[in-house]
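Work through the exercises below with the sequence and the 3D structure in view. Each task is followed by its solution in steps.

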Amino acid sequence: MVERNLMSVAMALAGAAMLASFGANARDLMVVGFGGPFQDNARTALFQGYAKATNQTVKDDVYNGEMAKLYSMVKSNDVIYDVIMVEAPELVRGCEDGIFEKIDWSVVKKDKFIPGGTTTCGAGAVLWGVTLFYDPAKVQNGPDTYAKLWDVKTYPGKRLLRSTPKTTLEIALLADGVPAADVYKVLATPAGQKRAFDKLDQIKPQLMWWKSGTQPVQLIASGDATYAVGFTGRIVRANDGGARYPLLWKTLLYSVDYWAVVKGSPNSREGMKMIEWITDSKPLLALAETYAVSPANKDAAANPALSAKNPGMLSSHVSDALFIDTEFWVQHGEDLEQKFNAWVAK
Amino acid sequence: MATRNNLFAAGLIAPLLLLVVASFIVPLLVTLYTAVGNPEVRDALPRTAAAVRAWNGEGLPPEAAYAAIAEELALAQEGQSIGQVSRRLNFEQPGMRALLLKTARAKTDLRAPFKGALIALDPRWGETDLWRLIRRSTDALTPLFLLRSLDLSVAPDGSVVHAGKDESVFLALFARTFVISFWVTVLCVLIGYPVAYTISTLPRRWANIALALVLVPFWTSILVRTTAWFILLQKEGPVNALLQALHVVEAPVTMIFTRFAVYVAMVHVLLPFAILPLYSVMKGIDPVYLRAAASLGAPGWKRFLRVYLPMTMPGVAAGALMVFMLAVGFYVTPALVGGPDDQMVSYFIAFFTNQTINWGMAAALACLLLAMTALLVGVARLVVPGFRVGTVGL
């Protein structure tokens, strides 16, 4: 009798679980980003804009770029994300691993993106970049090139770089006089890698390292570092908040974040339609009303009203900049990460 | 009767046993397998794998292997499964990824005989070592990840060699992890001991308040506590302001992103794990022993060393063990307040899990960390008197 009762409880539970999983198949469209002020503003202008235009419910969630979760989601065929914002190297890897759907270019219009704004599995969302900056209240006429950043006599103080080989090794080569166009050619050779590390050795005692994107502005403000290389978006926002950091566009290194659809998403068709809508210039211009966005959409990027509103818009400043080579980092990332960590610990 | 009782007892503990198996043993075995498993190439390129396994490893493989790899690479790229192969081979030999992608893209232009066509496309396809690498990567198990985690690697001819000086990180990383954990443990016990003693001698009401003061930070998220230290220790932070006001230092000192900050934050986070077992042991010690020692003429230091300290050893051992085990796996705290040369093993496990999706490396590091920790704790049990797992709290 007791067993029978237990059985029926178990059956009821199993039934409820099955119902729940059926329910999950017909769920709302779920879009995922890196959070922060971008997502807070994109929620209104892009996500809910699309929801209103198509009369459906769109929810959004935040992740911090960790791929392990996506991989296990796809492998266990329990996909709870539909549209997701991804950094370039993760997008390329995930595309080759079948973690992202190939973009349906009959739904998403390919010709509206800036050069480099489309890949097999991704449609360009926004540009991001890092530049050199310092506090003019503490330093008059600070370094405005990476070569000058290496001049520790003229410019004493700590230099804050990102604690990854990506961007750091490029900066070392730029400082050593390698033209931007040749940086990745040089860095692909063992001699070029040694050259970058040797260059970093020259100022190693003056170097500090940051991990989280909020740190450069924070550590310049707190006086821990005198010069820093940080995300331009954060520098612009600090300036909006009263800081007067110079934007040294000649020192810009930049890349693109993409929208992608998670493989096996029950809403993949709807996801493609959403990507088409949120990469159009009209909603992006609406987003620009509240947030200084650097869109990967050609028309939006060329819109004079937008660049006037957002002096930090990257597409206006890329002429002297270095485009971070995604393919290079997918190829050499693991190897250089190991060498970087060996070098740091030396 | 006895057997029936045994069966009944077994039935009672069965759910617990299942829980331990499902939540501990199975994941451990999966991790172990991930550290030595080698399925990538066999899964994505099955016909190539069969063809190179039939080859004797001398000279170049037969045309069948060339034909299979040309065809299967293109299929794998189209079917979005080329990533695992290119990553696996690129990890062992940087540059392989570009070669495989180039070959996959060129498929439509390739014509039989594929041997000549592939070598014409890229001369690397004519190297015996490259084919030996592919052949090695079709073995059922691979020592590659475990070797790499110990700064060793497999040379093209299959022998095990030391990694170059500018690539050796992991041995130093394990050493650093254990050194940091050791000092954090020592500091926690040294600071925790007098604190626990004081609390154990307080009247009950005050003892409860003191324990609450120990427990409140214990209930606060590690992330919050670490971030608080980040703010306290920065150049224009309160600690520097205090030091300057007291004229201990003239100019503010850099403290964040240093080993010092890692020690401060880790000791603060882990201190309750030392205090609580110490307190519970000290609470159970009858003061009559100390009085007896005093009445027999032992001076204060001798009463402590000969009577009190030996009786609190189980608490010291339990607290130290708990702090050490937790410290060995620390991730957030060194990542936030430490510099790149203060990172511990977990940092790399997270890096390989999340950034490069090299789960073989992540699993190998995790397994080695577990094995080394078990070894150290085992040695400690033999060497330190009174050190027993299974005493207070464990």
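**Exercise 1.** Find how far apart the centres of domain 1 and domain 2 of chain A are, and describe the contact on the domain 1 side.

Solution. Taken over C-alpha atoms, the centres of domain 1 and domain 2 of chain A are 31 Å apart. The contact takes 10 residues from domain 1 of chain A and 12 residues from domain 2 of chain A; two residues are in contact if their C-beta atoms, placed from the backbone, lie within 7 Å. On the domain 1 side, helix 4 and strand 4 (123-134) of chain A each give two or more residues. Helix 4 of chain A has the largest share, 4 residues. By class, this side of domain 1 has 6 nonpolar, 2 polar and 2 charged residues. Ala, Val, Leu, Ile, Met, Phe, Trp, Tyr, Cys and Pro count as nonpolar, Asp, Glu, Lys and Arg as charged, and the others, Gly among them, as polar. The domain assignment gives 2-127 + 256-312 for domain 1 of chain A and 128-254 + 321-345 for domain 2 of chain A; such bounds come from an automatic or database assignment.

A note on the model: it is predicted, local features need pLDDT of at least 70, side-chain atom pairs count only at pLDDT 80 or more, and totals for chains, interfaces and linings use all residues. Residues are numbered from 1 along each chain as its sequence is written, while chains are lettered from A and ligands numbered from 1 in the order in which they are written.

**Exercise 2.** Decide whether strand 3 of chain A is mostly covered or open, and name its partners.

Solution. Strand 3 of chain A spans residues 83-87, and 5 of its 5 residues are buried (20 or more other C-beta atoms within 10 Å of the residue's own, C-beta atoms being placed from the backbone). Helices (H or I, at least four residues) and strands (E, at least two) are DSSP runs, numbered from the N terminus. A:Val83, A:Met85 and A:Glu87 lie on one side of strand 3, A:Ile84 and A:Val86 on the other. Next come the partners; strands pair if DSSP finds at least two bridges between them. Strand 1 (residues 29-33) of chain A pairs with strand 3 in the parallel sense over 2 bridges, with A:Val83 as the bridge partner of A:Val31. Strand 8 (residues 253-261) of chain A runs antiparallel to strand 3, joined by 5 bridges; there A:Trp259 is the bridge partner of A:Met85.

**Exercise 3.** State how many residues of chain A are in contact with chain B.

Solution. 28 residues of chain A are in contact with 33 residues of chain B. Helix 15 of chain A gives the largest share of the chain A side, 12 residues.

Note on methods: Buried ≥ 20, exposed ≤ 12 C-beta atoms within 10 Å, placed from the backbone.
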